[in-house]
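Subject: Handing over the structure

Hi,

Here is the structure I promised to pass on to you. Have a look at it first, and then read on for my notes on what turned up.

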Amino acid sequence: NVDPYASFRHPRSNKEPIRLGFAQVGSESRWRLTNTKSIKDAARDAGIELTFIDGQQKQENQIAAIRSFIKQKVDIIAFSPIVESGWEEVLQEAKAAGIPVILSDREVDIKDDSLWATFIGSDFLEEGRRAARWLLSYIEHHPTPDGQVNIVELQGTVGSAPAIDRKRGFELTLEPHPEFRIIRSEIANFYFDQGRDVMKKILETEKRRIDVLFAHNDDMALGAIQTLESAGLRPGKDMVIVSVDAVKEAFQAMIAGKLNCTVECTPLLGPQLMKVIQDYFDGKELPTRIITSEEVFPAEVARTVLPKRRY
Ligand code: GZL
């Protein structure tokens with residue numbers, strides 16, 4: 001009976017710098033750029049030798065990157081899976097090569113959990129719940145004329161853990177409140193310009209009143225805000241807007257009265273990732289999931305909080 005987790009327990013013999021291969025999603029958003037900087041800075045500070053490959057939004061590029069790390073015989077691999085499915089084969093190859101894998105930021109949908117050592121990131125379901133909980137309380141104090149709350153949703157990348165779970169958390173929390181209805185849900189892949197363009201299409205085709213925009217990340221919300229303003233509307237007033245990430249530009253939009261709330265999802269995963277890697281090679285047991293602690297920032301706190309923000 002082979003120990004399926006054996007490959008996670010072989011601390012390195014020599015004292016050479018740890019060699020880490022990291023396969024990133026791409027550079028689609030402010031969040032992602034900050035995440036990449038956090039990983040690179042933390043690897044440098046930890047003296048970990050980082051080989052970093054940008055997947056440029058393609059799963060096949062991330063798979064090829066992981067294969068190149070295996071070929072280079074790195075000590076450990078980490079990556080942020082752009083989507084949840086399609087990783088079994090390449091993770092089997094990493095395991096067969098005795099190279100442990102850490103999931104950073106996004107999760108995979110895999111039965112055999114001996115194929116990855118640890119997940120470091122956010123609870124996306126909770127982020128969706130937090131957005132909905134904030135909206136419920138906001139509408140209580142700012143009711144719509146007829147009690148109906150028509151919501152438009154801008155989704156992140158189809159099949160990605162954040163898009164799947166933010167949507168599900170948001171919907172689960174609103175389920176007991178049938179007057180809150182998602183009347184349109186469109187994909188904008190976490191991009192600013194797609195948020196801007198998809199919002200334009202929605203304004204041109206949607207005949208029903210839109211009371212709320214729920215965007216799976218700030219970049220899409222900021223793009224939609226630009227569209228609303230060009231259409232002569234007042235984002236944050238004519239349409240309540242709630243999004244996720246809590247990047248600096250979201251705080252600036254809240255201070256300008258154009259965004260009503262952002263749910264934090266920290267990209268600053270680098271230090272925790274490097275610590276887990278060092279713990280692993282010190283032979284420590286790794287927790288299966290390390291969930292980052294995060295907050296909810298409504299517009300009224302934006303001015304005081306912004307100076308303390310690190311991204
Ligand atoms: C969430 C991360 C998402 C961000 C987006 O952890 O995967 O991808 O919310 C980013 O801004 O593009």
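How far does a polar side-chain atom of Asp-245 lie from an oxygen atom of the ligand? The distance is 2.6 Å. Please keep in mind from the start that this is a predicted model.

**Around the ligand**

Asp-245 has company there. The ligand is surrounded by 13 residues, and those that come nearest are Glu-28, Asp-105, Arg-106, Arg-166 and Asp-245. Glu-28 places a polar side-chain atom 2.5 Å from a ligand oxygen, and for Asn-217 the corresponding distance to an oxygen atom of the ligand is 3.0 Å. On its own the ligand has 310 Å² of accessible area, and the protein covers 100% of it.

**The sheet with parallel pairing**

Moving on to the strands, you will find an open sheet of six in the order E2-E1-E3-E4-E5-E11, paired in parallel. Its edges are strand E2 (49–54) and strand E11 (289–291); each has a single partner strand, so one side of each has no neighbour in the sheet. On average, neighbouring strands here are turned by 20° against each other, direction ignored.

For a pair to look at in detail, try strand E4 (residues 101–104) and strand E5 (residues 118–121), which are joined in the parallel sense by three bridges. Ile-102 has Thr-118 of E5 as its bridge partner.

Two helices are worth finding here. Helix H9 (residues 270–281) packs on the sheet and touches E1, E3, E4, E5 and E11, with its direction at about 155° to that of E3. Helix H2 (residues 59–71) lies across strand E1 (19–24), E2 and strand E3 (76–79), and runs at about 170° to E1.

Leading into H2 is a residue you may want to click on. Gln-57 sits in the loop between E2 and H2, and its phi is positive, about 70°, although it is not a glycine. Gln-57 has a relative accessible area of 22%, so it counts as partly exposed.

**The sheet with mixed pairing**

There is also an open sheet of six strands with mixed pairing, in the order E7-E6-E8-E9-E10-E12. Here strand E7 (180–187) and strand E12 (296–298) are the edge strands; each has a single partner strand, so one side of each is left without a neighbour in the sheet. The twist from one strand to the next averages 20°.

At the E7 edge, E6 and E7 pair in the parallel sense over seven bridges, and one of the residues involved is Gln-155, whose bridge partner in E7 is Ile-187. Helix H7 (residues 218–230) packs on this sheet, touching E6, E8, E9 and strand E10 (261–264), and its direction makes about 150° with that of E9.

**Ile-151 in strand E6**

Is Ile-151 buried or exposed? Its relative accessibility is 0%, so Ile-151 counts as buried. This residue belongs to strand E6 (residues 149–155). Beyond its neighbours within four places in sequence, Ile-151 is in contact with a set of residues including Leu-135, Phe-170, Leu-174, Ile-182, Val-212 and Phe-214. To get a feel for distances across the model, compare Ile-151 with Ala-46: they are 105 residues apart in sequence and 45 Å apart in space, C-alpha to C-alpha.

**Strand E9 and what follows it**

Strand E9 (residues 240–245) is mostly covered, with six of its six residues buried. In a regular strand, side chains alternate between the two faces of the sheet. In E9, Val-240, Val-242 and Val-244 lie on one side and Ile-241, Ser-243 and Asp-245 on the other, and all are buried. E9 pairs with strand E8 (residues 212–215) in the parallel sense over three bridges, and Phe-214 stands opposite Val-242 in E9.

After the strand comes Ala-246, placed in the loop between E9 and helix H8 (248–255). Ala-246 is not a glycine, yet its phi is positive at about 70°. With a relative accessible area of 0%, Ala-246 is buried.

When you open the model, Asp-245 makes a good starting point: it is one of the residues that come nearest to the ligand, and it is also one of the buried residues of E9.

Enjoy exploring!

Best wishes

Key:
Residues are numbered from 1 along each chain as its sequence is written. This is a predicted model: local features need pLDDT of at least 70, side-chain atom pairs count only at pLDDT 80 or more; totals for chains, interfaces and linings use all residues. Side-chain values use heavy atoms; hydrogens and water are left out. Two strands pair if DSSP finds at least two bridges between them. Helices (H or I, at least four residues) and strands (E, at least two) are DSSP runs, numbered from the N terminus. Axes are lines fitted to C-alpha atoms, for helices over the stretch in contact, and angles run from 0 to 180 degrees between N-to-C directions. Contact means heavy atoms within 4.5 Å. A residue is near a molecule or strand if one of its heavy atoms lies within 4 Å of it. A polar contact is a pair of N or O atoms within 3.5 Å; within protein, one must be able to donate a hydrogen and the other to accept it, and residues adjacent in sequence count only if both atoms are side-chain atoms. Accessible areas come from the Shrake-Rupley method with a 1.4 Å probe; for residues, only the protein chains shown count as cover. Buried means under 20% relative accessible area, exposed over 50%, partly exposed in between (1.4 Å probe, protein chains only).
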